[in-house]
Amino acid sequence: MKKFLGFIALVALLTGGSWELQAQSKKTKPAAETVAVKQYKPIIGISATDSSPVSAPLTYVSAVKSAGGVPLVIPMTSDKAQIEAVLEVVDAVVMTGGEDVDPLKGYGEEPIRALGEIVPERDVFDIMLIKMAVEKGLPVLGICRGEQLMNVAFGGTLYQDIPSQVPSSYIKHNQRAPRNYGTHSIDITEGSLLHKQLGVTSIAVNSYHHQAVKDPAPGFKVTAVSKDGIVEAIEKADSDRVWGVQFHPEGFVSMGDDSFLGIFKHLVEKAKETK
Ligand code: MN
């Protein structure tokens with residue numbers, strides 16, 4: 001008997017006590033329960049911004065939570081294996097706003113003088129993340145720069161600077177007003193994802209951009225425009241889970257204004273279907 005106990009102790013030592021861990025995880029986490037929990041609160045990845053490459057503004061985090069998702073910031077990286085591993089964990093992705101997109105690398109145009117700041121590492125990260133997430137069938141919502149990047153990632157082009165490249169544009173797209181205040185209206189295509197999410201074909205949005213989608217990427221369609229014809233939303237034509245908006249819905253939702261909550265609710269609903 002003593003010998004037998006000694007043998008058990010030796011095995012436990014050699015296996016680093018993993019027997020116990022296995023037994024515990026089997027007891028506390030039945031597979032069915034894990035799935036049920038995930039279906040109830042899906043994990044929504046949020047792309048990090050470059051000001052701190054491991055964090056994202058609280059407004060995005062808060063909007064995801066308001067819609068019933070669990071926010072998880074995805075740190076910036078150019079390592080494909082890292083992104084692959086993260087996409088195994090998250091059920092959907094939000095691409096955040098930020099700087100201008102590099103026109104030369106992004107869509108083969110020389111930079112005009114009015115181009116703003118570009119962050120090459122972030123372009124690389126964002127484009128990898130969007131492409132890999134869409135390839136995997138995950139829902140992806142692009143916001144502002146995220147929407148523009150989505151278009152570029154799939155072969156579309158941008159206006160580098162609306163004031164200098166679109167003479168017919170007369171609307172102020174760079175508002176000086178609170179983030180939860182809509183300053184210009186948009187017209188939304190009937191039957192589009194955005195129409196289903198918001199339940200209206202016209203709404204006032206906030207606006208903080210000087211770039212915009214020019215030619216939509218092949219396979220994408222424009223689903224909202226401002227009164228001066230600037231693209232304010234796009235969606236992937238053959239999908240119910242890949243779309244982008246030029247405005248900032250998280251600016252409203254994080255301040256308790258639910259008129260744009262439908263956008264994040266849709267993301268969370270689709271995220272529940274992915275796993
Ligand atoms: Mn605008």
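This report describes a predicted model of a protein chain with a manganese ion.

## Overall architecture

The protein chain has 275 residues, of which 48% count as buried. Its secondary structure consists of 12 helices and 11 strands. Among the contacts with a separation of 6 or more, 70% are made by residues 24 or more positions apart. The chain exposes about 13,500 Å², and carbon and sulfur atoms supply 58% of that area.

## The manganese site

Five protein donors are listed for the manganese ion: His173 through ND1, His184 through NE2, Ser207 through OG, His209 through NE2 and Glu232 through OE. These donors lie 2.3 to 2.4 Å from the ion. Along the sequence, the donor residues follow the spacing H-x10-H-x22-S-x1-H-x22-E. Histidine 173, in the loop between α9 (162-165) and β6 (184-188), and histidine 184, in strand β6, are 11 residues apart and link distant parts of the chain.

Histidine 173 is buried because its relative accessible area, 4%, falls under the 20% cut-off. Histidine 184 is likewise buried, with a relative accessible area of 4%.

## Serine 207 and its surroundings

Serine 207, one of the manganese donors, is placed in the loop between β7 (202-205) and β8 (212-213). Its relative accessible area is 0%, so serine 207 is classed as buried. Beyond residues up to four places away in sequence, serine 207 touches Lys172, His173, Asn174, Gln175, Thr183 and His184. One of these, threonine 183, is 24 residues away in sequence, while the C-alpha to C-alpha distance between serine 207 and threonine 183 is 7.1 Å.

The side chain of serine 207 also has polar partners among the metal-binding residues. A polar atom of this side chain lies 2.9 Å from the backbone oxygen of histidine 173. A polar contact of 3.1 Å joins the side chain of serine 207 to the side chain of histidine 184.

## Strand β6 and its partners

Strand β6, which holds histidine 184, has two distinct faces. His184, Ile186 and Ile188 form the covered face, whereas Ser185 and Asp187 form the uncovered one.

Strands β6 and β7 run antiparallel and are joined by 4 bridges. In this pairing, histidine 184 stands opposite valine 205 of β7. Strand β6 is also joined to strand β9 (residues 220-226) by 3 bridges, again in the antiparallel sense. The bridge partner of isoleucine 186 in β9 is serine 226.

## Nonpolar cores

In soluble globular proteins, nonpolar side chains tend to be buried together. The largest nonpolar core of this model contains 34 residues, and Leu194, Phe260 and Ile263 touch the most other members. Helix α12 (residues 261-274) contributes the largest share of this core, 6 residues. A second, separate core has 30 residues, including Ile83, Met95, Tyr107 and Met128.

Leucine 194 illustrates the environment in the largest core. Apart from neighbours within four places in sequence, leucine 194 is in contact with Ile186, Ile188, Gly199, Ala224, Ala233, Glu235, Val245, Phe247 and Ile263. Two of these contacts, Ile186 and Ile188, belong to the covered face of β6.

## Strand β4 and cysteine 144

Strand β4 is buried on both sides: Val140 and Gly142 point one way, Leu141 and Ile143 point the other way, and all are buried. Strand β4 pairs in the parallel sense with strand β3 (residues 92-95) over 3 bridges, and valine 93 has valine 140 as its bridge partner. Strand β4 also runs parallel to strand β11 (residues 242-245), to which 4 bridges join it. Here the bridge partner of isoleucine 143 is valine 245.

Cysteine 144 occupies the loop between β4 (140-143) and α8 (145-153). Its relative accessibility is 5%, so cysteine 144 counts as buried. Most residues other than glycine have a negative phi. Cysteine 144, by contrast, has a positive phi near 55 degrees.

## Valine 73

Valine 73 lies in strand β2 (residues 70-74). With a relative accessible area of 25%, valine 73 is partly exposed. Leaving out residues up to four places away in sequence, valine 73 touches Ile46, Ala48, Val54, Ser55 and Ala56. Valine 54 is 19 residues from valine 73 in sequence, and their C-alpha atoms are 7.0 Å apart.

How values were computed: Residues numbered from 1 in each chain as written. Predicted model: local features only at pLDDT ≥ 70, side-chain atom pairs only at ≥ 80, totals over all residues. Heavy atoms only, no water. Buried < 20%, exposed > 50% of the residue type's maximum accessible area, 1.4 Å probe, protein only. Contact = heavy atoms within 4.5 Å. Polar contact = N/O pair within 3.5 Å; in protein donor to acceptor, adjacent residues only side chain to side chain. Donors = N, O, S within 2.8 Å, 3.2 Å for Na, K, Ca; no water. Areas by Shrake-Rupley, 256 points an atom, 1.4 Å probe, with all protein chains shown as cover. Pairing = 2+ DSSP bridges. Core = buried A, V, L, I, M, F, W, Y, C linked by side-chain atoms within 4.5 Å.
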